Amino acid sequence: MDPLNNPLHTRATAPTPETPAPSLEVAGLAYAYPDGHQALYGVDLTVAHGERVALLGPNGAGKTTFVLHLNGILTPGAGTVTVAGLPVVRRHLAEVRRRVGIVFQDPDDQLFMPTVREDVAFGPAAAGLRGAELAARVTEALGRVGMADHADRPPHHLSFGQRRRVAVATVLAMRPEILVLDEPSSNLDPASRRELADILRALDVTVLMVTHDLPYALELCPRSVVLSEGVITADGPTQHLLSDTELMAAHRLELPFGFDLRSVTIPTP
Amino acid sequence: MSAGHAHKLYRHGHSPVHALPPHCKIAAVLCFVLAVVATPRTAVWTFALYALLLAAVAAAARVPAAFLLKRLLVEVPFVAFAVLMPFVATGPRVHILGTALSEPGLWGAWNILAKGTLGVAASVLLAATTDLRGLLLGLQRLRMPPLLVQIASFMIRYGDVIADELRRMRVARLSRGFEARGVRHWGVLAKTAGALFIRSYERGERVHLAMVSRGYTGTLPVPDAAAATGAQWTRAAALPAAALAVCLLGWTL
């Protein structure tokens, strides 16, 4: 672990009565696939309530495997995952899946219902919401991503950027404790990318963003962690990590050509 | 890809037939088809009456005859089979234009042709006046097993996605100078089909993952829809009730 860090850790592990439990606490998480390939070797990560954290790592670092543990799709070989004080175990799965909103990379996988409205309603309806309350929840979630006018369209008639935003709305509708985004900027054109960033910045929800898009992490997340070869190898302020060229090179993380860290002003939340 | 918001069979409109709740229409079409099938094939005139009934519905739904007839072409393979029957069936022969045809075969062909065409026409009318989503909701309301409704609704949702994928694969093949000409190239096409199958299968797994992540436990939520009123049921029942009367006449006269 990087010794630079991290005031957040101390704050998270010793919650005082007025600070809520950390949104996410992962301790010693290890996992091997049934074919014997080990993907995670003891991951520790704490994300405080309201924080926005980027999980950086090269392809094949185990990022997606890690994400699938957060809502209990995969069961850890060792270690624990706790979401806002609730351990991720079989009998809590329904509540855990409500609290952890995962936005998958391909919106066509995420949006499986015939219309946008029904898709956004899917999660809350599965949790038992009905009638006017459900309709209000859908309108609210679509409003937060600026897609309220498209509620009755089929998802496959939307542009890719719009689909990504609807995908975010589908999990916002569940009022999650933590929003987990898997490569949120992939395949987006610059305008859609900025629109999504504006939306994410305006949300008052904990965000864990899994990405190798380093400028996007810098733009949105004050704190970053690096997952490499199944362990967290660095944890600290994003700008600090990205300017550590040795660390970046060691984990196959690269800024795009021409990107100068000193020249950017990071938008304040 | 912007083929509009509905399937090709649907014809947007605001007729009284469009306004009926989907499940009433589905039940009406089913009962109509049952009445048609139950009619003796020798009562030839009843089938003309059935056709008139459907024409009346089409007029009420403002579906033009050309639209209806063009979509009836889907029946052609069955027609081909029906046309064969008088030649291959056994039994006493009759001579028409110098060809010996089997009499039971002729009746069999007539039976398939008349009842099939009426059934297809009724279904085409149903599809022309009800959008896909409505059809699925209607089936769900009629207590069709939810699993079947889910499969159908995923087919609709992902049909375009997969067709798009197929198109991209075709463009990729063409871009590298491949054009399927003749049997020797079938191997490549078969591999494309295999690749598409695997891709779709993997997408299925990812979709399932996304569903489970949002609390899927085996049922899809049914949007609230107002129950059909008695008046709506009565209106929908007009077609099958008339058909039933024709059917009974066919048996008694």
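Q: Axes are lines fitted to C-alpha atoms, for helices over the stretch in contact, and angles run from 0 to 180 degrees between N-to-C directions. With that agreed, at what angle do helix 7 and helix 8 of chain B pack?

A: About 170°, with the axes of helix 7 (residues 132–141) and helix 8 (residues 146–175) of chain B 9 Å apart. Therefore helix 7 of chain B is roughly antiparallel (over 145 degrees) to helix 8 of chain B. Helices here are DSSP runs of H or I with at least four residues, strands are E runs of at least two, and both are numbered from the N terminus.

Q: Before we go on, what sort of model is this?

A: A predicted one, where local features need pLDDT of at least 70 and side-chain atom pairs count only at pLDDT 80 or more, while totals for chains, interfaces and linings use all residues. Residues are numbered from 1 along each chain as written, and chains are lettered from A and ligands numbered from 1 in written order.

Q: Thanks! Back to the helix pair: which residues make the contact between helix 7 and helix 8 of chain B?

A: Helix 7 of chain B brings B:Leu132, B:Leu136, B:Leu139 and B:Gln140. From helix 8 of chain B come B:Pro146, B:Val149, B:Ala152, B:Ser153 and B:Ile156. In contact means C-beta atoms, placed from the backbone, within 7 Å.

Q: And how do helix 3 and helix 10 of chain B cross?

A: At roughly 170°, and the axes of helix 3 (residues 44–60) and helix 10 (residues 230–252) of chain B come within 10 Å. That makes helix 3 of chain B roughly antiparallel to helix 10 of chain B. On the helix 3 side, B:Thr46, B:Leu49, B:Tyr50, B:Leu53 and B:Val57 make the contact. Helix 10 of chain B answers with residues including B:Leu239, B:Ala242, B:Val246 and B:Gly250.

Q: Now the interface. How many residues of chain A are in contact with chain B?

A: 26 residues of chain A are in contact with 23 residues of chain B. On the chain A side, helix 3 (93–99), helix 4 (107–110) and helix 5 (116–126) of chain A are the elements that give two or more residues. Helix 5 of chain A gives the largest share, 6 residues.

Q: Switching topic: is helix 2 of chain A mostly buried or exposed?

A: Buried: 6 of the 8 residues of helix 2 (residues 63–70) of chain A are buried, so this helix is largely enclosed by the rest of the structure. The buried ones are A:Lys63, A:Thr65, A:Phe66, A:Val67, A:His69 and A:Leu70. Buried means 20 or more other C-beta atoms within 10 Å, exposed 12 or fewer, and partly exposed in between, with C-beta atoms placed from the backbone.

Q: What comes just after helix 2 of chain A?

A: A:Gly72, with a positive phi of about 80°.

Q: Which residues other than glycine have a positive phi?

A: Among them are A:Arg175, near 45°, and A:Asn187, near 65°. Most residues other than glycine have a negative phi.

Q: Where do A:Arg175 and A:Asn187 lie?

A: In loops. A:Arg175 is between helix 7 (160–172) and strand 7 (178–182) of chain A, and A:Asn187 is between strand 7 and helix 8 (190–202) of chain A. A:Arg175 is partly exposed, because 16 other C-beta atoms lie within 10 Å. A:Asn187 also counts as partly exposed, with 14 C-beta neighbours inside 10 Å.

Q: Last one: what does A:Val103 contact beyond four places in sequence?

A: Its contacts there include A:Gln110, A:Ala167, A:Val171, A:Val180, A:Asp182 and A:Pro184.

Key
Angles under 35 degrees count as roughly parallel, over 145 as roughly antiparallel, 65 to 115 as roughly perpendicular and the rest as oblique. Two residues are in contact if their C-beta atoms, placed from the backbone, lie within 7 Å.
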